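Colleague: I have some questions about how the labels on this model were reached. Can we take them one at a time?

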Amino acid sequence: MQWKHMCKPHAFTVHYVQRMKKHRWRCKAVTFWCSDEVLCCHWLQALNDLLEQQTWRPKHLLVYINPYGGKKKGKQIYENKVAPLFSLASISTEVIVTEYANHARDNLYEVNLEKYDGIVCVGGDGMFSEVLHGLIGRVQKDADVDQNNPKVPLSRCNMRIGIIPAGSTDCVCFATVGINDPVTSALHIILGDCQPLDVSSVHHKNMFLKYSVSLLGYGFYGDVLKGSEKNRWLGPARYDFSGFKTFLSHRYYEGTVCFQPAKWAVGSPRDKVCCTFGCYICRQSSKQLEEQQRVKTNGLESNEKENWTVVKGKFMAINAANMSCACPRSPRGLSPAAHLADGTADLILVRKCSRLDFLRHLIRHTTSNNDQFDFPFVDVHRIKSFQFTPKHFDEEDTESTDLGIIGKKNFAQICTDHPSCGCNQLNSVWNCDGETLEQTALEMRVHCQLIKLFARGIEESQKQEDDTNPSRV
Ligand SMILES: Nc1ncnc2c1ncn2[C@@H]1O[C@H](COP(=O)(O)OP(=O)(O)OP(=O)(O)O)[C@@H](O)[C@H]1O
C-alpha cells in the first residue's frame, strides 16, 4: 500500500527495539498508513490489546537520580535519553533527584511501594548498592525479619530494580545487560525484562554489615580500593595507579577461610559455559536448592553444621564473586563461569606466590581464552557461604566465628614477613562491591535470587539472531 494513492490516509506509528552490535539496543519506528479509518482503528485497538496483555511491563516507576555520580551527568542522561522513551511507552514516573548520600536508601524505607511497578536508579554501582540496601532492608522490615541474624532466610523482593548506567563504574549493569548504555537499559525496563539476582549478606559476629552482588575481595582488591580512595583527585585513573602500587607492594595476609561448598549446584567455576539469557544452570541449581530447603524444613535432614572446609594459610587475595564481575577492562571477569542466579558464589583463593606468578595470574583476567585458575597457587570453589578470620585480629574480633577454629589473643607483630614492602600492615581490608569494610573477620552467605532486575542476562549468539530477525526481542 502506498500512501500517495490514498485520498484520506490514516496512520499510526509503532516503536520497536532493534538490536545493534555488542548488546546495544536502539528504539526504531515504523509508520503504517491506511486509507480506511475503521481498519486503521481496528489495527490500533488490536495492538493496544496485545500490549495490555503484557502485564509484566511496568506502568509506574519510582526513579532515583544521583546528580553527582560518574561525570555528574545523571540528570542530563535521564532527561535526554530515558524520560522520552518512558513517555513514549506511556510509563508514568515519580522522579527524586538525591540531595545527599543514602537519600534513596532512606526514602525507600518510607515510600508507599505499592504505587509502583519498579524502581529505577540512575547512577553507578554505588547508587545501585544504595537502592539495593533500601529495598532489601524495607522488605525485611515489613516481613519482620532480623537482618542482624546471619542465618535467617531473607524475604525475597518482588519489585524489580532497573539500572540506568551513569557512574564511573557500572559493573552490575555491564554484567546483567552486556553493555553500560542508558538507552539499552531503558528499553529493557520498558519491555519489562526480569533477571533474578543472588545477593550475599555480610556479617561481623551478629551484626549486619552489607549486601554484596558482585565482588567481596580481601587482600589485593581490598588494598587497591583502599589505595584508590586516598587518590580520588586522580579520577578513574586512581584505580590503575593504586593497582600498580598494590602490585609492587606484593603483600600477603594470613588467616583462616572456612566455607560450605554448594553441593547442589549444577555447574563448576571451571566450566567453559558462561551465564547467559535463560541460563540452564541458574534454573537447575535454584530448583535443586529449593528442593534441598524443602527437605530441610520438613525435618527430613538437619545437618547444616557439617560440610565446612577449612583452609588456613597466607593469601595474596581472597575473592568471593557472586557474578562474573566482567567489565570493559576484564571482559570475562574475575570468575567467567559464575552465575547470576544459581544461589552460589565462586570463592577464589590466591595463595602466597612470587610476584611474577601473581602477574601471570592477573594478566590472564584481561585475555579471552586462558584459564586464570590454572595455577598451583590458585584454588576456586563454588560455595554457599564462608567465614574468614585473620591471623592478627583485634580484641573485638576474638569471638568472631562460631566455629572456634582460631582462639588466639590479640598480638602485635612487626611485619617481618614482608621484607619487600617493609610495611607493618598485618591485615588487609574487604572490598565489598567497591566499598571498604572496617571489619576483617566476617561471614558471607548467598541468598538465592533475593532480588530482581529489569534485565535479561547477556544474550549469546547475537550474530545468528541478528542475521535472521534483527528486531525480535
Ligand atoms: N546527592 C548526592 N550527594 C552525594 N552523594 C550521593 C548523592 N546521591 C548518591 N550519592 C552517593 O554517591 C555514591 C557514588 O555514586 P555512583 O555510584 O552513582 O557514582 P560513581 O561515580 O560510579 O561512584 P563509584 O564509582 O564510587 O560507585 C553512592 O555511594 C551514593 O550513595
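Colleague: In which strand is the place of glycine 255?

Modeller: This is a predicted model, to begin with. Glycine 255 sits in strand β10, residues 253-261.

Colleague: What makes glycine 255 buried?

Modeller: Its relative accessible area is 6%. Buried means under 20%. So glycine 255 is buried.

Colleague: How far is the C-alpha atom of glycine 255 from that of threonine 389?

Modeller: The two C-alpha atoms are separated by 5.6 Å. Along the chain, glycine 255 and threonine 389 are 134 residues apart.

Colleague: Now the ligand. How many residues surround the ligand, and which are the closest?

Modeller: The shell holds 20 residues. Gly70, Thr98, Gly124, Glu130 and Ser168 are the closest. To be counted, a residue needs a heavy atom within 4 Å of the ligand.

Colleague: Which helix gives the largest share of the shell around the ligand?

Modeller: Helix α4, residues 125-142, with four residues. By class, the shell has eleven polar, five nonpolar and four charged residues.

Colleague: What makes the pair between the ligand and serine 168 a polar contact?

Modeller: An oxygen atom of the ligand is 2.8 Å from a polar backbone atom of serine 168. The cut-off for N or O pairs is 3.5 Å. The value is within 3.5 Å, so the pair is a polar contact.

Colleague: And what is the distance from the ligand to the side chain of threonine 169?

Modeller: There, an oxygen atom of the ligand is 3.2 Å from an N or O atom in the side chain. With tyrosine 100, a nitrogen atom of the ligand is 3.3 Å from a polar backbone atom. Both values are within 3.5 Å, so both pairs are polar contacts.

Colleague: How much of the ligand does the protein bury?

Modeller: Taken alone, the ligand exposes 620 Å². The protein buries 78% of that.

Colleague: On to the largest nonpolar core. Which residues have the most contacts inside it?

Modeller: Tyr64, Phe128, Ile451 and Leu453. The core has 49 residues. Helix α4 gives the most to this core, with seven residues.

Colleague: Why is this core said to lie between domain 1 and domain 2?

Modeller: Because both domains give residues to it. Domain 1 covers 1-194 + 454-473, and domain 2 covers 203-273 + 306-447.

Colleague: Next, backbone angles. What is the phi of lysine 22?

Modeller: About 55°, a positive value, although lysine 22 is not a glycine. Most residues other than glycine have a negative phi. Lysine 22 lies in the loop between β1 (10-19) and β2 (25-34).

Colleague: Why is lysine 22 called exposed?

Modeller: Its relative accessible area is 68%. Exposed means over 50%, so lysine 22 is exposed.

Colleague: What about the phi of asparagine 102?

Modeller: Phi of asparagine 102 is near 75°, a positive value in a residue other than glycine. Asparagine 102 is in the loop between β4 (92-97) and α3 (103-110).

Colleague: Is asparagine 102 exposed or buried, or in between?

Modeller: Its relative accessible area is 29%. Buried means under 20% and exposed over 50%, so asparagine 102 is partly exposed.

Colleague: What makes arginine 24 partly exposed?

Modeller: Arginine 24 has a relative accessible area of 31%. That falls in between the 20% and 50% cut-offs, so arginine 24 is partly exposed. Arginine 24 is found in the loop between β1 and β2.

Colleague: How do you know that histidine 365 is buried?

Modeller: By its relative accessible area of 7%. Under 20% means buried, so histidine 365 is buried. Histidine 365 lies in the loop between α10 (355-363) and β13 (378-390).

Colleague: And why is proline 182 called buried?

Modeller: Proline 182 has a relative accessible area of 9%. That value is under 20%, so proline 182 is buried. The place of proline 182 is in helix α6, residues 182-191.

Key
Residues numbered from 1 in each chain as written. Predicted model: local features only at pLDDT ≥ 70, side-chain atom pairs only at ≥ 80, totals over all residues. Heavy atoms only, no water. Polar contact = N/O pair within 3.5 Å; in protein donor to acceptor, adjacent residues only side chain to side chain. Areas by Shrake-Rupley, 256 points an atom, 1.4 Å probe, with all protein chains shown as cover. Helix = DSSP H or I, 4+ residues; strand = E, 2+ residues; numbered from the N terminus. Nonpolar A, V, L, I, M, F, W, Y, C, P; charged D, E, K, R; others polar. Core = buried A, V, L, I, M, F, W, Y, C linked by side-chain atoms within 4.5 Å. Buried < 20%, exposed > 50% of the residue type's maximum accessible area, 1.4 Å probe, protein only. Domains from an automatic or database assignment.
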